[in-house]
Amino acid sequence: RLQRPAAEAVAPNLCSSMLPAGDGGLGEDEESLLRRIECGADLAGVQWAASELLCRLHRVPSSVPQHAAEVLMDRLQSIAGPGAIEGAPTWSPPTTGRPLHANRVLGGGPALAAAFQPLPGAELEAASSLLAALLDLLHARREDQVRLREHLMETGSHSPGCFWLFLRVFASGDLDHGGAAFVRCCHLLALLAEGDEHMSRALRSARALDLVADRLARATKGDALGTEWLPFATAAAHLLQILICEEDTQCMSIADPTLFVPAWAHSRKPDTTVDALIEALRRSLVHVGGHMVAQALHTSALRALGTVAHLSRSQAQRMLAVKGADLAVAVLRHDGSDEEAVSIALWYIAELAPGSPFSPKAIAASGAEAAARSAMSKYPWSQRVQVEAERVIRACQG
């Protein structure tokens, strides 16, 4: 007890000594912090101000000014570079090598430009702190979600360059830092896109699906992350699920809406996304293992994959070919898997069935029928589990 006041007295001086040169210390009010974020030339000072604003938000949410979200987003876009302001950046790839492959996958435009212009380390670290403050601010004040979504969509109606910051963060890889910025970008865009068809469509048009999936695939293979793989993969899978599963009312423009296939799901366009999610599930469920319950990564990935399989028979065939049904069965075999996880895993297996005339044999070989019957006995009160389990059993029996 005698030593504690002395330690507390030293703490403010220690914090002040860690501030960037020229900072006024911890006595700045929230408006001063926002001015430092908006106008500061030193990224270390901007990073500190964003972290301090985040602390103030957690202590007294009402103390943060109403225009804070706009200031944070504008600074993020200034860090991203002129592509966020001057319209969609372009980049012409050479005719050979990885750039040519990336051009085929991304189809040109801002996503291709971002793929070869990742953010440097200092900008990534500053963006990470700004994204942390902005994400918590949006969770605390729903009205800021509406304003920021409208701001992005208003800019995006003229050019997908409004997503330039996010695209550059998604493209930043092979580094020992930047993983936290990627995770926060994924959660921020998922928060804005969930339940908003237009936002989801704009992100798909900017090829966010391909960039996120490509980064997830490289991380799963062992690229440096700057953070743990599980939260990294979970954030990526969550955003992919939101963008893939969001309702698309364009299906109502044809006579039979059930036959509608969105542009991003045609032919081999979803290959990168499907491969990345399958490999993430395999790493988590097979190579790492040890899960007592189904993780958010598992449910998000299975939802996304099941939706793709529902839209594209060729993709369902690919999932069967790489033993995608076995991964869902692994989720069903977890003793701690809850009703939601079980129903999602069963639904995913059932969606694979129409993909090929050989699917009954492939699904039965995974042990899906026994797992489905076990799920029926485990959750006899759940109508959804009973319905999906019956679908799986019928699929196994042909």
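How accessible is Arg 207, in relative terms? In this predicted model, Arg 207 comes out at 24% relative accessibility and so counts as partly exposed, since buried is reserved for values under 20% and exposed for values over 50%. The residue sits in the loop between α11 (197-205) and α12 (208-221). Its backbone is a bit of an oddity too: Arg 207 is not a glycine, yet its phi is positive, at about 65°. For background, most residues other than glycine have a negative phi.

Lys 323 shows a positive phi as well, near 60°, and again the residue is something other than glycine. Here the loop is the one between α16 (313-321) and α17 (324-332). With a relative accessible area of 55%, Lys 323 is exposed.

Turning to the interior, the largest nonpolar core takes in 131 residues. Within that core, the residues touching the most other members are Phe 166, Phe 170 and Tyr 348. Leaving aside residues up to four places away in sequence, the contacts of Tyr 348 are Ile 278, Leu 302, Leu 305, Gly 306, Met 319, Gly 324, Ala 325 and Ala 328. As a rule, nonpolar side chains in soluble globular proteins tend to be buried together.

Tyr 348 belongs to the stretch assigned to α18 (339-352), and the loop from there to α19 (359-365) holds Pro 357. That proline is exposed, with a relative accessible area of 71%. Pro 357 and Gly 398 lie 41 residues apart in sequence, while their C-alpha atoms are 8.8 Å apart in space.

How values were computed: Residues are numbered from 1 along each chain as its sequence is written. This is a predicted model: local features need pLDDT of at least 70, side-chain atom pairs count only at pLDDT 80 or more; totals for chains, interfaces and linings use all residues. Side-chain values use heavy atoms; hydrogens and water are left out. Helices (H or I, at least four residues) and strands (E, at least two) are DSSP runs, numbered from the N terminus. Buried means under 20% relative accessible area, exposed over 50%, partly exposed in between (1.4 Å probe, protein chains only). A nonpolar core is a set of buried Ala, Val, Leu, Ile, Met, Phe, Trp, Tyr and Cys residues joined through side-chain atoms within 4.5 Å. Contact means heavy atoms within 4.5 Å.
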